[in-house]
Amino acid sequence: KVKFKVGGLDFSGNTFQWLVVSGPKAIVQGNGTINGIGNYIILISGIDGSQTGGQNLIRVIITDSSNNVIYDTQPGTSITADPTTSLTSGHIKVH
């Protein structure tokens, strides 16, 4: 299950399509609702800082069914770009 809240956006999802792990990086894609309605796609990528000697990094992209971006922590960058946002709480563990 994924819960993601920022500002007035409350994403809730529990269906996942795929997960890809490559070294310290993991990417997962799933579906859910925003504020209890609709069908949105979430893509979360994370880098395990304990494997890179750096910080845990995360990227979150939420799009609608027409691929319009609703939220992106790295707007204007390629969907395949490595995450650059430091995780402020919790941790990322890729194994």
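## A walk from a loop to the core

Start by selecting N35, which sits in the loop between β3 (25–34) and β4. You are looking at a predicted model, and in it N35 has a positive phi of about 50° despite not being a glycine. Is N35 buried or exposed? Its relative accessibility is 47%, so N35 counts as partly exposed, since that class lies between the 20% limit for buried and the 50% limit for exposed.

Next, go to the loop between β5 and β6, where you will find N67. N67 is also not a glycine, yet its phi is positive, about 70°. With 59% relative accessibility, N67 counts as exposed.

Now show the strands on either side of N67. β5 covers residues 57–63 and β6 covers residues 69–72; they pair in the antiparallel sense over 3 bridges. The hairpin they form has 5 residues between the strands. To see one bridge, select I62 together with Y71, its partner in β6.

Keep I62 on screen and add V2, F4, L9, F11, I34, Y40, I42, I44 and V60: together these 10 residues make up the largest nonpolar core. Which strands supply at least two residues each? They are β1 (2–6), β2 (9–22), β4 (37–47) and β5. β4 gives the largest share of this core, 3 residues. In soluble globular proteins, nonpolar side chains tend to be buried together.

For a last stop, centre the view on I42. Setting aside neighbours within four places in sequence, I42 is in contact with V2, F11, V28, Q29, G30, V60, I61 and I62.

Terms used: Residues are numbered from 1 along each chain as its sequence is written. This is a predicted model: local features need pLDDT of at least 70, side-chain atom pairs count only at pLDDT 80 or more; totals for chains, interfaces and linings use all residues. Side-chain values use heavy atoms; hydrogens and water are left out. Two strands pair if DSSP finds at least two bridges between them. Helices (H or I, at least four residues) and strands (E, at least two) are DSSP runs, numbered from the N terminus. A nonpolar core is a set of buried Ala, Val, Leu, Ile, Met, Phe, Trp, Tyr and Cys residues joined through side-chain atoms within 4.5 Å. Buried means under 20% relative accessible area, exposed over 50%, partly exposed in between (1.4 Å probe, protein chains only). Contact means heavy atoms within 4.5 Å.
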